[in-house]
Amino acid sequence: MIFEVLLILIGFIFLIKGADFLVDGAKEIAKKFHISEIVIGLTIVSIGTSMPELFVSVTSAIEGYSDISIGNIIGSNICNLLFILGLSAAISPVVFKKQTKLIEMPMLIIITIIFLIMCNTGNIINEQEGIILILLFIMFLIYTIIIGLRSQNNETMIELSAEETKKISIVKNTFLIILGIAILRIGGEMVVENAQKIAIALKVSEKVIGLTIVSIGTSLPELVTSVTAAIRRDSDIAIGNIIGSNIFNTLLIIGVAAIVQPINYNITYNLQMLVLFIGMTLMLIYPFLKRKNELSRWKGLSLVILYIIYLIELIVN
């Protein structure tokens, strides 16, 4: 089993590096065509940090491991909201913008409710529901681009001279994108196949493996991004990365996976969905408590403690 654990760790490294190559190549090509930095951040970078979840969940769906596919997404969303955002706030208080607490958090809750209804209607997410999720994702993407264009200023525009633009190689960066996708694919297969072997060896369900090892591993890019942003006191990136990632996970990744192969939903996941809703409810309430519009250190610690309790309950039961 040590060999399988090692292969999973190597798979996680592949997933992270593959996402890096993909994002770097896409960013350079975007710069060549003078696309603004904030739009790149809201689209290419945000989607890039969700690439590990995408490749793991789609690979799992194709190979018939629905519990790993959907457990990865639900587990990642819980990890993002409770552990990563909570840890970020514990390091440095995260400030809520009006737009975040009044638009984006309610939007995340509505999207999660739609997802939950789909899951509990026939206990399967079929191709038609996958298409609906993709269409909702496109609408969200349009929203983020509009917000980005409205908020951009001279500092966020990428101003490159003709000489600098000429130096950016489309061939080289297209190769980086293709290489990134290939590495992501290999990493996804390594994680899924060996996670399934560990589940058999430990005699635990694929569901538990998906909700713990796989989901935490695929959330590493979000962890690095949000914690780094917290250290730099950049609240917008710290909280925006988490909300955006959870929406991308639910709409884009489940949508793509369901179109490729309908995903069976185990109703026992409803307990984990309840934990997710508790986390989102706290995120709605916290901005209105003492030290308004701020996720203070004690609020962040409460989210981390809730995540630890959730993990213990999951493993014990």
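## A walk from the α4–α10 packing outward

Start by selecting helix α4 (residues 66–91) and helix α10 (residues 220–231), which pack at an angle of about 25 degrees with their axes 8 Å apart. Angles under 35 degrees count as roughly parallel, so α4 is roughly parallel to α10. Turn the view until one helix lies in front of the other: α4 passes α10 in a right-handed crossing. Keep in mind as you go that this is a predicted model.

Next, show side chains where the two helices touch. On the α4 side, pick Asn80, Phe83, Ile84, Leu87, Ser88 and Ile91. Their partners in α10 are Glu222, Leu223, Ser226, Val227, Ala230 and Ile231. Colour this contact by residue class and you get eight nonpolar, three polar and one charged residues.

Now step back to Ser219, in the loop between α9 (206–218) and α10. Is Ser219 buried or exposed? Its relative accessibility is 1%, so Ser219 counts as buried. Select what surrounds it: setting aside neighbours within four places in sequence, Ser219 is in contact with Glu53, Ser76, Cys79, Asn80 and Ile84. Two of these names, Asn80 and Ile84, also belong to the α4 side of the helix contact.

Cys79 makes a good next stop. With a relative accessible area of 2%, Cys79 is buried. Which cysteine sulfur is nearest to that of Cys79? The sulfur of Cys119 is, at 19 Å, and Cys79 is in no disulfide. A disulfide needs two cysteine sulfur atoms within 2.5 Å, so the count here comes to zero disulfides. Jump to Cys119 and the picture repeats: Cys119 is in no disulfide, and its nearest cysteine sulfur is that of Cys79, 19 Å away. Cys119 is buried too, with a relative accessible area of 1%.

From there, move to helix α12 (residues 269–285) and select Val275. Val275 has a relative accessible area of 15% and is buried. Residues up to four places away in sequence aside, Val275 touches Ile78, Leu82 and Tyr310. Add Ile74 to the selection and draw a C-alpha to C-alpha distance: Val275 and Ile74 are 10.0 Å apart in space while 201 residues apart in sequence.

For another distance, go to Leu149 in helix α6 (residues 127–151). Leu149 is partly exposed, at 47% relative accessible area. Return to Ile84 and connect the two: the C-alpha atoms of Leu149 and Ile84 are separated by 28 Å, with their positions 65 residues apart along the chain.

Finish with two backbone stops. Most residues other than glycine have a negative phi. Select Lys203, in the loop between α8 (170–202) and α9. Lys203 has a positive phi, near 60 degrees, and is not a glycine. At 76% relative accessibility, Lys203 counts as exposed.

The other stop is Asn293, in the loop between α12 and β4 (294–295). What is the phi of Asn293? It is positive, about 60 degrees, although Asn293 is not a glycine. Asn293 counts as partly exposed, with a relative accessibility of 28%.

Conventions: Residues numbered from 1 in each chain as written. Predicted model: local features only at pLDDT ≥ 70, side-chain atom pairs only at ≥ 80, totals over all residues. Heavy atoms only, no water. Axes fitted to C-alpha atoms, helices over the stretch in contact; angles between N-to-C directions. Helix = DSSP H or I, 4+ residues; strand = E, 2+ residues; numbered from the N terminus. Parallel < 35°, antiparallel > 145°, perpendicular 65-115°, else oblique. Left-handed = near helix turned anticlockwise from the far one by under 90°. Contact = heavy atoms within 4.5 Å. Nonpolar A, V, L, I, M, F, W, Y, C, P; charged D, E, K, R; others polar. Buried < 20%, exposed > 50% of the residue type's maximum accessible area, 1.4 Å probe, protein only.
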